[in-house]
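Trainee: I would like to go through the terms used for this structure and see how each label is reached. Where should we begin?

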Amino acid sequence: MRWNQQSTLTPILGTGSEAGTGSAAETVTESDAAPGTTAAGTDAPPAELFGLKGLVRSVRTPEFAGVTFHEVLAKSALNKVPAASSMPFTWTLNPYRGCSHACVYCFARSTHRYLDLDSGEDFDRQVIVKVNTPEVLTAEVAKPKWSRELVALGTNTDPYQRAEGRYALMPGIITALAEHGTPMSILTKGTLLRRDLPLLARAKEDVDVEISMSIAVFDDALQQTIEPGTPTTTARLATVKAAANLGFKVTVFLMPVMPKLTDSMEHLDTALRTIKEAGASRVVYGALHLRPGAREWFFTWLEREHPDLLPRYRRMYAKSSYASKEYRAWLSRRINPLIDKYDMRGSADDDCPKTKRGDLTRAPAKPSATAQTASLTPPPQEALF
């Protein structure tokens, strides 16, 4: 199949929010402003961002109340993962920095500090948009030396966060990769993925396309307070079903699993059952890890919403960003029988990946019948947490 990039791209600016619709209340005007200046009708960027390379303008618009978009011109789109990394891919791409999904546990929060922004509210409300990503990517993957290795999207911030409804960068990104024979993987919490499923289905005819949906919380009240900017769990499951109906083998990332919040047998069983019913092919899971930046913001939320758990979390994460080995072993014994029960076998505890780079499907050995029986009666959590 021959790709026609112009036929798949939608207008980048002035297209509204999550649904990509226009807004009669739009107050931002287009401008060919030079870096470091602002367009008519926009607020000036905060002083600390004037040093951001490639900054064109900063935009506030009514349908994104409280959020400022800092539009930049990127010099490159592809990021090479260091050879020492344990990640199972070599190249990543992130058209946005910061994320209005506002997940309090997000490990990427600390990256905003590189811009002299804080890892709390600034991460949620000051979103960097690399507006020329499709064009830059197209030039990079067209080079003769491009290796056509898999490119992973959604490894740092979500490519289908609400900003994508306004900027529509993903159609051009998908087109550039597919047209140049480059496989891709997408990890998202965003239901806006459904807009691009037909395009991704076309891409899958020529290259490998992997789709993963992150769904961590199967309690509506908890989900709304801990992931306040995300689509509902029900909406995400519907997106999984829509992708599965098009023939995608969708992976669901059941992570982070949070001690005393989402690790009960009832919660985990509900999660695996509804994921299976949505048509997903496999589940990968991981215990909560709290890197600096995310840790402070999560603890602030915990003190406000669940103060009784704060001392326990402080103890567990006092010396490491990762949950204790004892807790992760306990969680493994609890969840693996459920994964097998619903035939959703993936790889265990993927927040500490052990797979070799390039191997995205390797699964651990299936536990013996004796081990499965023993795991149905896990030790009391109080001793671990």
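Mentor: With burial: a residue is buried under 20% relative accessible area, exposed over 50%, and partly exposed in between, using a 1.4 Å probe and protein chains only. This is a predicted model, in which local features need pLDDT of at least 70 and side-chain atom pairs count only at pLDDT 80 or more, while totals for chains, interfaces and linings use all residues. Residues are numbered from 1 along each chain as its sequence is written, and side-chain values use heavy atoms, with hydrogens and water left out.

Trainee: Why is E164 called buried?

Mentor: Its relative accessibility is 0%. The limit for buried is under 20%, so the label applies.

Trainee: What makes E164 and R195 a salt bridge?

Mentor: The term requires a side-chain nitrogen of Lys or Arg within 4 Å of a carboxyl oxygen of Asp or Glu. For E164 and R195 the closest N and O atoms are 2.7 Å apart, so the pair qualifies. R195, at 31% relative accessible area, is partly exposed.

Trainee: Which parts does this pair tie together?

Mentor: E164 lies in helix α4 (residues 163-167), and R195 in the loop between β8 (184-188) and α6 (197-203), so the parts joined are 31 residues apart in sequence. Helices (H or I, at least four residues) and strands (E, at least two) are DSSP runs, numbered from the N terminus.

Trainee: How do you know that R273 and E277 also form a salt bridge?

Mentor: Their N to O distance is 3.7 Å, and the cut-off is 4 Å, so the pair counts. Both residues are in helix α9 (residues 265-277), four residues apart, which is about one helical turn. R273 has a relative accessible area of 32% and is therefore partly exposed.

Trainee: Why do D340 and R345 get unlike burial labels?

Mentor: D340 has 17% and is buried, whereas R345 has 22% and counts as partly exposed. The limit of 20% falls between the two values, so the labels differ. D340 and R345 also form a salt bridge, with the closest N and O atoms 2.7 Å apart. Elsewhere, salt bridges that share partners join E164, R195 and D196 into one network.

Trainee: How many salt bridges are there, and how many helices and strands?

Mentor: The structure holds eight salt bridges. The protein chain has 13 helices and eleven strands. Of its 385 residues, 56% count as buried.
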